[in-house]
Amino acid sequence: MSTYSSTLGGHRYRFDSLARLLAAASPERSGDRLAGLAADSARQRVAARWALAEVPLAQFLAEPVIPYEDDDVTRLIVDTHDVVAFAPVAALTVGGFREWLLSEAADAEALAAVSPGLTPEMVAAVSKLMGNADLVAVARKARVVTAFRSTIGLPGRLATRLQPNHPTDDPAGVAAALLDGLLLGSGDAVIGINPATDSPRAVRDLLELLDGVIQRYRIPTQSCVLCHVTTSVDLMERGAPVDLVFQSIAGTQAANASFGVTLGLLDEAYAAVGELGRGTVGHNALYFETGQGSALSADAHHGVDQQTVEARAYAVARRYDPLLVNTVVGFIGPEYLYDGRQILRAALEDHFCGKLLGLPMGLDICYTNHADADDDDVATMLTMLGVAGASFVICTPGGDDIMLNYQSASYHDALYLREVLGLRPAPEFEAWLDGIGLLDERGAIRDVSGTAHPLTAIGKELAA
């Protein structure tokens, strides 16, 4: 194992492993402090960044932060590394890679070509040398397009996940939130429900409810009930209308085990959903959620900082060509991301790393009620991620999820972002909105009051 060092202010700082160097170079966050991994001081953090800038990218292949023999995510990263794609940047250091990423040479085509050759540790490392504006500028250049019944990630587009959660999965409550979202132009990424229970019967009821609405009104989108992958596999075998298979994932084998999931189980689900062929314009049928701090909360981080472990989860995701990936950036709580500043930084890092690794990256821009954050932080994050080219954002009624008890972006927030940045919904969904009379002559959402629109029948049908 190599050691790394740099001299700052006449003092020599030494770091006894690549994992320790990455942790010390990370921006301050409460999770790394809780784990005893954070830099001792701002001076040590700067010294770590100087040392990290001189590390060759190839060193991340020679020195895995978690041993190959101990972890199947490490084995996945090493065994699937694309040497040919890596070649254009193979001679660069982390600092040199940063300069290349910010140069005009690193355009959308170049980033897409090099992506299979990048490992999560490489992109996590370079993110630690970048300011927030750098993360935005590079992520904005990266293009990742996926499709199922709608096309996600096209330039000039912003999709949304419509999240009509209810504490008891009550059809009337789901209907109200669903109708609210559709009338405000939300749902082109997915209509996704977090179920109150993982009971196969309850999940199937929700799947059939959503599928009935999508089919009846010919909505060009996909549904997903965010149950455990084993429940989805079971329901697919029983003929349930599963569009997307969902699973929370993390960046270590042990953390994934805490979710009750293995790579083999994901392989099985990937094959099963592919056989259904329910997509119309594409066949990306997996949906993953991640979040900084998940491995630490399971005591499964192996002494690696939480942002680097988060990036490793993206290696798991890209194995399955997903339609959607999002980080629930502030959901785990202030023990891991203390305040709005730390949540913002994590959101930009996650989006940047995911896009560089070739993922259709979106975000749940959110915070828990005991975090030092508020709705202004959500607005700031939403705006910066919109500029950075996020593929989609999660939206809830009024920005308040009454089932999960946290604060997120609202349907109205997505309309704000589309308006100020000139963004539009996914093309298939936009055409549907126009066809049912919800777009005005400017292409903006038309105000609908009372029961003046046929979609309002959704509420009555589902409540019945």
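This is a short walk through one helix, two pockets and a single alanine. The model you are looking at is predicted, so please read each description as one of that model.

Let us start with helix 20, which covers residues 411-421. Four of its residues are buried: Tyr411, Ala414, Leu417 and Arg418. If you turn the structure until you look down the axis of helix 20, you will find these buried residues within an arc of 120°, so they line one face of the helix. What do the buried residues of helix 20 pack against? Their partners include two helices, helix 11 (171-183) and helix 19 (375-388). Strands take part too: strand 5 (159-162), strand 12 (392-396) and strand 15 (409-410) are packed against by the buried residues of helix 20. Just after helix 20 comes glycine 422, and the phi of this glycine is positive, near 65°.

Helix 20 also leads us to a pocket. The second largest pocket holds about 350 Å³ of space. It is lined by 14 residues, and those closest to its centre are Arg418, Glu419, Gly443, Ala444 and Ile445. Arg418 may look familiar, as it is one of the buried residues of helix 20. Which element gives the most to the lining of the second largest pocket? Helix 20 does, with four residues. Sorted by class, the lining of this pocket has five charged residues, two polar ones and seven nonpolar ones.

Now move on to the largest pocket, where the space comes to about 480 Å³. Of the 24 residues that line the largest pocket, Asn194, Phe246, Ser248, Glu289 and Phe331 are the closest to its centre. Two elements, strand 8 (245-248) and strand 9 (286-290), give two or more residues to this lining. Strand 8 gives the most, with three residues. As for the classes in the lining of the largest pocket, 13 residues are nonpolar, eight are polar and three are charged.

Our last stop is alanine 137, which you can find in helix 10 (residues 132-141). How should we class its exposure? Being buried would take a relative accessible area under 20%, and being exposed would take one over 50%. Alanine 137 has a relative accessible area of 38%, so it is partly exposed. To place this alanine along the chain, count from methionine 1: the two are 136 residues apart, and their C-alpha atoms are separated by 34 Å.

Methods
Residues are numbered from 1 along each chain as its sequence is written. This is a predicted model: local features need pLDDT of at least 70, side-chain atom pairs count only at pLDDT 80 or more; totals for chains, interfaces and linings use all residues. Side-chain values use heavy atoms; hydrogens and water are left out. Buried means under 20% relative accessible area, exposed over 50%, partly exposed in between (1.4 Å probe, protein chains only). The arc is that of the directions from the helix axis to the C-beta atoms. Contact means heavy atoms within 4.5 Å. On a 1 Å grid over the protein atoms alone, a cavity is a set of points where a 1.4 Å probe fits but cannot get out, and a pocket is an open set with protein on both sides within 12 Å along at least five of seven lines; lining residues have an atom within 4 Å of a point. Grid points are joined across faces, edges and corners, and a volume is the space filled by probe spheres set on the points. Ala, Val, Leu, Ile, Met, Phe, Trp, Tyr, Cys and Pro count as nonpolar, Asp, Glu, Lys and Arg as charged, and the others, Gly among them, as polar.
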